[in-house]
Every structure is written in C-alpha cells, then in structure tokens.
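Open the structure in your viewer and keep the selection tool at hand. The tour below goes from stop to stop, saying what to select and what is there.

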Amino acid sequence: MSNYGIFARYYDRLTNNAEYEVRSDYISDFFNAENTEEFSVLDIACGTGSIAKCLKDKGYKVTGLDMSDDMLAEASLKIGANLIKGNMTDFSFNNSFDACICTLDSLNHLNSIQEWKSCFKSVYNSLKPGGMFIFDVNTEYKHNVILADNSFIFDEEDFFLSWDNELIEKNKVRILLDFFIFNCKSYDRFSEEIFETAYSVSEIKEALSPYFEIVGIYDELTLNPPKEDSERLYFVCKGKRNG
C-alpha cells in the first residue's frame, strides 16, 4: 500500500469537490446526539482530517486514526491533537467511543475481505455497547465501469497529475499516480501506486454480521436504497450488545 507521501500533500486540492460539510452533516444526522460535547467519534483512516474537522466544528469529540505519517501531518494542521498513528485493521483504545466512521472509500484500500473483518472487529471493540459505525464504500459498479481502465488528468499551475486506472481483475483496480511537481525551473516526477478492491453488499453484510446490526444501506448521501449503478454506498450500523 502507498504511504501517500506526495498524494497527502495534494489530496485536499484533488478532492475539493468531495463536499466534506455535506458528508459530515449526513453522517451526524444519524448520531442523534443531544450533547455533541460528550459524543465521541473515532474517524479511522482519517486521511488529511477534513471530515474530522467538520465534526469537530460541530462540537463532537473527535479522534483520528491513520497509518500514514504524511496524512496525519496534514490533518494536524486542521484539527491539532487527538490524532493517532495506527492500522485500521488492528487497533485498540483504553477508552470507548460513541461512534466510529470510515469515509471516502478507505475500506476499499484493504487487500482482502479478511482485512475488512479484522477492521470491523477492531471497530466493535472500540465502541460503547450499541455504538454506531458508519462507513462508505465504492461499489463493484464503480470499480468495473467508472474507474475500470480509465485515466484522468489534472493540470494545475504548480503540478501535473496523470491518474491511470487499470482493472487488473474483476472488482480490483490498480491506480498509478504520476505527479510532476514544478520546481521553478522544471518538473520533478513522483509516482505512487494504490490498489482498491470492491466487494458485494452480501459479502460486506457477512463480514459485519458477528459484530453489527445494519440499520440501513443507502445510495450516496441519501436515504434511498442501493441502485444497480450506485457508485458509493453508505452503511449505517449499530454494535451488537452480545457481539
């Protein structure tokens, strides 16, 4: 997996259409927290901390976890403390959280459904009884049709990015990022490789089943059920009290 060094530096500019405020509003509507100052949220694979910052600005007690030093460095500029370096498939805390979130297809970066199961177990063990777990995923449709073997170009004043996707097998995409960074005279090239894998709703349900009850599965940022051409789905779950 990439360490997201160069990607972390430019991530916010490349995702400026991600509607972080809208996503944080959507997520927090499921919390039903009467006192946000006492409602604790763990954001795993928090990246540069944009969602975490939005939730913190709403008054929630937010802790971010990510395995990339570069992503955490960017996040620290936004939300300061309460950032932990850790692997989303194997983590633990002395305290328990009211809710956990994992956004912007971070789970798709895991290498196998077994790693998803390990993640779900760690999340469950970090939540208070009946705690909420809300996450989104890229769908099989998005991987096989939208990302697939397509390429994208970002031509900015200070850098040029070639984003090249390769569908290396069904549901699995290899993403090659070639950054050309202007150094005042010429361009320096940096490359990063990322893999994303999509799983079916039934596979994700099975992975969740030992630990969570599913409250709802929704088409992106709606309360509508999944469609055949949904590109992103949100799962809203509550921890089983006898998990």
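A residue counts as exposed when its relative accessible area is over 50%, and as buried when that area is under 20%. Keep in mind that this is a predicted model.

**Stop 1: a loop residue**

Select Asn94, in the loop between β3 (83–85) and β4 (97–102). Is Asn94 buried or exposed? Its relative accessibility is 89%, so Asn94 counts as exposed. Now add Ser126 to the selection: the two residues are 32 apart in sequence, and their C-alpha atoms are 8.3 Å apart in space.

**Stop 2: helix α5**

Ser126 belongs to the stretch 113–126, which is helix α5; select Ser122 in this helix. Ser122 has a relative accessible area of 7% and is therefore buried. Apart from neighbours within four places in sequence, Ser122 is in contact with Thr89, Asp90 and Phe91.

Next show the strands that α5 lies across: β1 (40–44), β4, β5, β10 and β11 (232–239). The helix runs at about 145° to β5.

**Stop 3: the sheet of seven strands**

Those strands lead to an open sheet in the order β3-β2-β1-β4-β5-β11-β10, with mixed pairing. Which strands stand at its edges? They are β3 and β10 (212–219); each has a single partner strand, so one side of each is without a neighbour in the sheet. Neighbouring strands here are turned by 20° against each other on average, direction ignored.

Select β4 and β5 (residues 127–138) together. The two strands run parallel and are joined by five bridges. Ile101 stands opposite Ile134 in β5.

From β4, follow the chain into the loop towards α5 and select Asp105. With 10% relative accessibility, Asp105 counts as buried. Setting aside residues up to four places away in sequence, Asp105 touches Asp136, Asn138, Glu196 and Arg232.

**Stop 4: the sheet of four strands**

Move on to a second selection, an open sheet with the strand order β6-β7-β8-β9 and antiparallel pairing. The edge strands are β6 (151–155) and β9 (187–197); each has a single partner, so one side of each has no neighbour in the sheet. From one strand to the next, the twist averages 15°.

Select β7 (residues 159–169) with β8 (residues 172–182). How many bridges join β7 to β8? There are ten, and the strands run antiparallel. Leu167 stands opposite Val173 in β8.

Two helices pack on this sheet. Helix α1 touches β6, β7, β8 and β9, and its direction makes about 90° with that of β8. Helix α6 (residues 140–147) also touches β6, β7, β8 and β9, with a direction at about 115° to that of β7.

Now swap β7 for β9 in the selection. Eleven bridges join β8 to β9, and these strands run antiparallel. The bridge partner of Leu177 in β9 is Glu192. β8 and β9 form a hairpin with four residues between them, and Cys184 in the turn has a positive phi of about 85°.

**Stop 5: helix α1 and its partners**

Select α1, residues 5–14, together with α4, residues 69–79. Their axes come within 8 Å and cross at roughly 30°. Angles under 35 degrees count as roughly parallel, and α1 and α4 are therefore roughly parallel to each other. On the α1 side, the contact is made by Gly5, Ala8, Arg9, Tyr11 and Asp12; on the α4 side, by Asp70, Met71, Glu74 and Lys78. By class, this contact has three nonpolar, one polar and five charged residues.

Which residues of α1 are buried? They are Ile6, Phe7, Ala8, Tyr10, Tyr11 and Leu14. The buried residues of α1 pack against α2 (20–28), α4, β6, β7, β8 and β9.

**Stop 6: the nonpolar cores**

In soluble globular proteins, nonpolar side chains tend to be buried together. The largest nonpolar core here has 40 residues; those touching the most other members are Phe7, Phe31, Leu55, Ile101, Ile134, Leu177 and Phe179. The largest share of this core, six residues, comes from α1.

Centre the view on Leu55. Not counting residues up to four places away in sequence, Leu55 touches Ser24, Ser28, Phe31, Val41, Tyr60, Val62 and Ile101. To finish, select Leu42, Leu65, Val137 and Cys237, which are included in a second, separate core of 30 residues.

Note on methods. Residues numbered from 1 in each chain as written. Predicted model: local features only at pLDDT ≥ 70, side-chain atom pairs only at ≥ 80, totals over all residues. Heavy atoms only, no water. Axes fitted to C-alpha atoms, helices over the stretch in contact; angles between N-to-C directions. Parallel < 35°, antiparallel > 145°, perpendicular 65-115°, else oblique. Contact = heavy atoms within 4.5 Å. Nonpolar A, V, L, I, M, F, W, Y, C, P; charged D, E, K, R; others polar. Core = buried A, V, L, I, M, F, W, Y, C linked by side-chain atoms within 4.5 Å. Buried < 20%, exposed > 50% of the residue type's maximum accessible area, 1.4 Å probe, protein only. Pairing = 2+ DSSP bridges.
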